[in-house]
Amino acid sequence: MKQTYTLDDAQWNRLVENVTAHFDDLTLKRGFQYYKQGCVQYMNMPNSFSIESSVQGTAQYRVRINLEIFSESRCSCPVGRPCKHIVASLLEFADLQGRSVFLLVNAKTNAEPKLTVKPSVYTAPSIKKNALTIRKEQEAALEEQARLIPNLSIPQWHDFFELCTARLAQNTRNAQYVADALESIHLAKLVLPSSLENFFVLHSHLFVLNKLTKQAYSPSGHHNSYLAYQIHHVASDLQDIIEQKITEAQHLTSDPSNEHLIRQTLDYLRKEMLIQTDDYHYFLSHYMNVWIYWVCPATPNTLPYMEELQQLEAAAGKLNISHTSFSFTIAQIGMYLFQANDQEAWDRLDIIQEKIDHSAEFSLYFLSHLLKAEQWERLTLWLIKLAPFFSSFRNTRLPVYSDYWESAIQHLPEAESQMWDTLVSMLPHSRPLYEEKLLARSAWKRWMDYHLSKGSDALDFRVTELAPLEKNAPEVLLPFYHQAVERYVLNKNRDSYKAAVKLLKRLAKLYKKTKQEPRWELYIQAFAIRNSRLRALQEELRKGKLLL
């Protein structure tokens, strides 16, 4: 951090008050996750009351915080204020100041007034005693279960989670429910060995995700659209945490003593991802991540994948799941991919073709595995096979798909021609990406051939956009401008003639730059003679000083 100014106690207390007033509890918790993940990449204090920072989210966002007039604090993200990027920056700032990060994170909760319940005039002693007895029995049961956690199976852990969260059963499934449920579970458990702690925390989050999303869908296919929309936003943050927990536990999977935990985790995820409808896939991503991060790196043979295919068949039959369901098919494709049986995997791609948006999202797991395995030839073939899934105009994952092509070409340069052919096959949806790559690779002629073939208007481009071509390959612009001039002349109106003259002036400069002035003179004379009957055009040529 550049130029640090120290806050005194009064300034710190005012900052805590501002955080309490301007942020809700969910935003504070989201900002805390960003802070923990090290997303604050730059911070500076230009003066004693201003903080400037850069936070990596879905993009790189700029944050400006005014400590004196807090309402003027801003972020370049779509939310603007008050957002999680500002919170992450404030937490980083508090840490650098040696102040309590958790005081800011819990500012909203600590500020909430506590309800004081006054006893009524008359209380029935027997009822009060019964309520206390029930509560003590519940607490005793929890304590007993907590002591047994190291010896319990994962299904029994989930029974323990049920006990911990029973008091929240009627609560609305929202961000507060997630926070309360996780807190109830973690307060009830005892200290566990570090390896067991990782699996336990992962499953506590999976349990809460299950509870959160059960209201959004049902196995019968009926769902509450409004509820699903609200829950999806809350679940997205929980999904990120679960993915992080899976990757953090990767180092534990090589320990043979954890094999039963891995197997039971897969059993749980397999069932949950299969029973979800084709509109919801909250558990499918975690199922795939467990295979990619836990099983594949430690498995030199194909036996586990063949066994999993059998497990999928058996589970689908037991749960009465169609073999054409999206989750079942994605899981099958994954298993065939992991055992390098690509043809079997490709044969099943047609099944998920109709769910093109979901297919693109989960296809990235296949590409991710091949990238991690550094299997560049296979990665190239899969990129070609999966191209149709990324060809939707609604698809926002095309840039990610593009990044996989870049990785493949970096290690397998001969794959570049296949990339061009694939991107052309994806037109017009791949147009922005295709053009961007052409210009980035100085493929001027290919870029120009594309625009000539689709009849692009030269005047639709800003001068700055064509500047790289004028500088590096001016000759490829000549047919582009010539084609546009002829098209404008055919319109036979004054505005089109003016546009044609504008392009003719650009042509004159290009011919001069390429030292072909005699050729230009021949062309402009022939052009004027050929269009001599168009008096308005002749006038515009003279105004433009292209004719004497």
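# Chatting through loops, pockets and helices

Q: Hi! Where does P428 lie?
A: P428 sits in the loop that links helix 19 (416-425) to helix 20 (431-440). Please keep in mind that this is a predicted model.

Q: Got it. Is the peptide bond from L427 to P428 cis or trans?
A: That bond is cis, and its omega is near 10 degrees. For background, most peptide bonds are trans.

Q: And L427 itself, which loop is that in?
A: L427 also belongs to the loop between helix 19 and helix 20. L427 counts as partly exposed because its relative accessible area is 24%, and partly exposed covers values between 20% and 50%.

Q: How far is L427 from S391 in space?
A: Their C-alpha atoms are 7.7 Å apart, while in sequence L427 and S391 are separated by 36 residues.

Q: Staying around there, where is V424?
A: V424 is a residue of helix 19. With 37% relative accessibility, V424 counts as partly exposed.

Q: What separates the C-alpha atoms of V424 and Y434?
A: A distance of 7.5 Å, with their positions 10 residues apart along the chain.

Q: Let's switch to the pockets. How much space is in the largest one?
A: The largest pocket holds about 1,800 Å³. It is lined by 47 residues, and those closest to its centre are H232, S236, Q239, D240 and E361.

Q: Which elements give two or more residues to that lining?
A: For the largest pocket they are helix 2 (25-36), helix 3 (84-96), helix 10 (225-248), helix 12 (284-295), helix 16 (356-372) and helix 18 (398-411).

Q: Which helix gives the most to the lining of the largest pocket?
A: Helix 10 does, with 11 residues.

Q: How do the residues of the lining of the largest pocket divide into nonpolar, polar and charged?
A: The lining of the largest pocket has 19 nonpolar, 20 polar and 8 charged residues.

Q: What about the second largest pocket, what volume does that have?
A: The second largest pocket has about 970 Å³. Its lining takes in 29 residues, with K29, Q33, V178, A179 and L182 closest to the centre.

Q: Which elements give two or more residues to the lining of the second largest pocket?
A: Helix 2, helix 4 (101-105), helix 8 (175-188), helix 9 (194-213) and helix 10. Helix 8 gives the most to this second lining, with 9 residues.

Q: And how many of the lining residues of the second largest pocket are charged?
A: There are 9 charged residues in the lining of the second largest pocket, alongside 13 nonpolar and 7 polar ones.

Q: Nice. New topic: what is phi of N320?
A: Phi of N320 is near 60 degrees, so to speak on the positive side, and N320 is not a glycine. As a rule, most residues other than glycine have a negative phi.

Q: Where is N320 found?
A: Look in the loop between helix 13 (303-319) and helix 14 (326-338).

Q: Why does N320 count as exposed?
A: Because the relative accessibility of N320 is 71%, and exposed means over 50%.

Q: What phi does E374 have?
A: E374 has a phi of about 55 degrees, which is positive although E374 is not a glycine. You'll find E374 in the loop between helix 16 and helix 17 (376-386). Its relative accessibility is 57%, so E374 counts as exposed.

Q: How about R348, buried or exposed?
A: R348 is buried, because its relative accessible area is 19% and buried means under 20%. R348 is placed in the loop between helix 15 (342-347) and helix 16. The C-alpha atoms of R348 and I330 are separated by 8.5 Å, with the two residues 18 apart along the chain.

Q: And where is R487?
A: R487 is in helix 23 (residues 477-491). At 30% relative accessibility, R487 counts as partly exposed. From R487 to D457 it is 9.2 Å, C-alpha to C-alpha, and 30 residues in sequence.

Q: Last one: at what angle do helix 24 and helix 26 pack?
A: Helix 24 (residues 494-513) and helix 26 (residues 535-543) pack at about 40 degrees, and their axes are 9 Å apart. That angle makes helix 24 oblique to helix 26. The crossing of helix 24 past helix 26 is right-handed.

Conventions: Residues are numbered from 1 along each chain as its sequence is written. This is a predicted model: local features need pLDDT of at least 70, side-chain atom pairs count only at pLDDT 80 or more; totals for chains, interfaces and linings use all residues. Side-chain values use heavy atoms; hydrogens and water are left out. On a 1 Å grid over the protein atoms alone, a cavity is a set of points where a 1.4 Å probe fits but cannot get out, and a pocket is an open set with protein on both sides within 12 Å along at least five of seven lines; lining residues have an atom within 4 Å of a point. Grid points are joined across faces, edges and corners, and a volume is the space filled by probe spheres set on the points. Helices (H or I, at least four residues) and strands (E, at least two) are DSSP runs, numbered from the N terminus. Ala, Val, Leu, Ile, Met, Phe, Trp, Tyr, Cys and Pro count as nonpolar, Asp, Glu, Lys and Arg as charged, and the others, Gly among them, as polar. Buried means under 20% relative accessible area, exposed over 50%, partly exposed in between (1.4 Å probe, protein chains only). Axes are lines fitted to C-alpha atoms, for helices over the stretch in contact, and angles run from 0 to 180 degrees between N-to-C directions. Angles under 35 degrees count as roughly parallel, over 145 as roughly antiparallel, 65 to 115 as roughly perpendicular and the rest as oblique. A crossing is left-handed if the near helix is turned anticlockwise from the far one by less than a right angle, and right-handed if clockwise.
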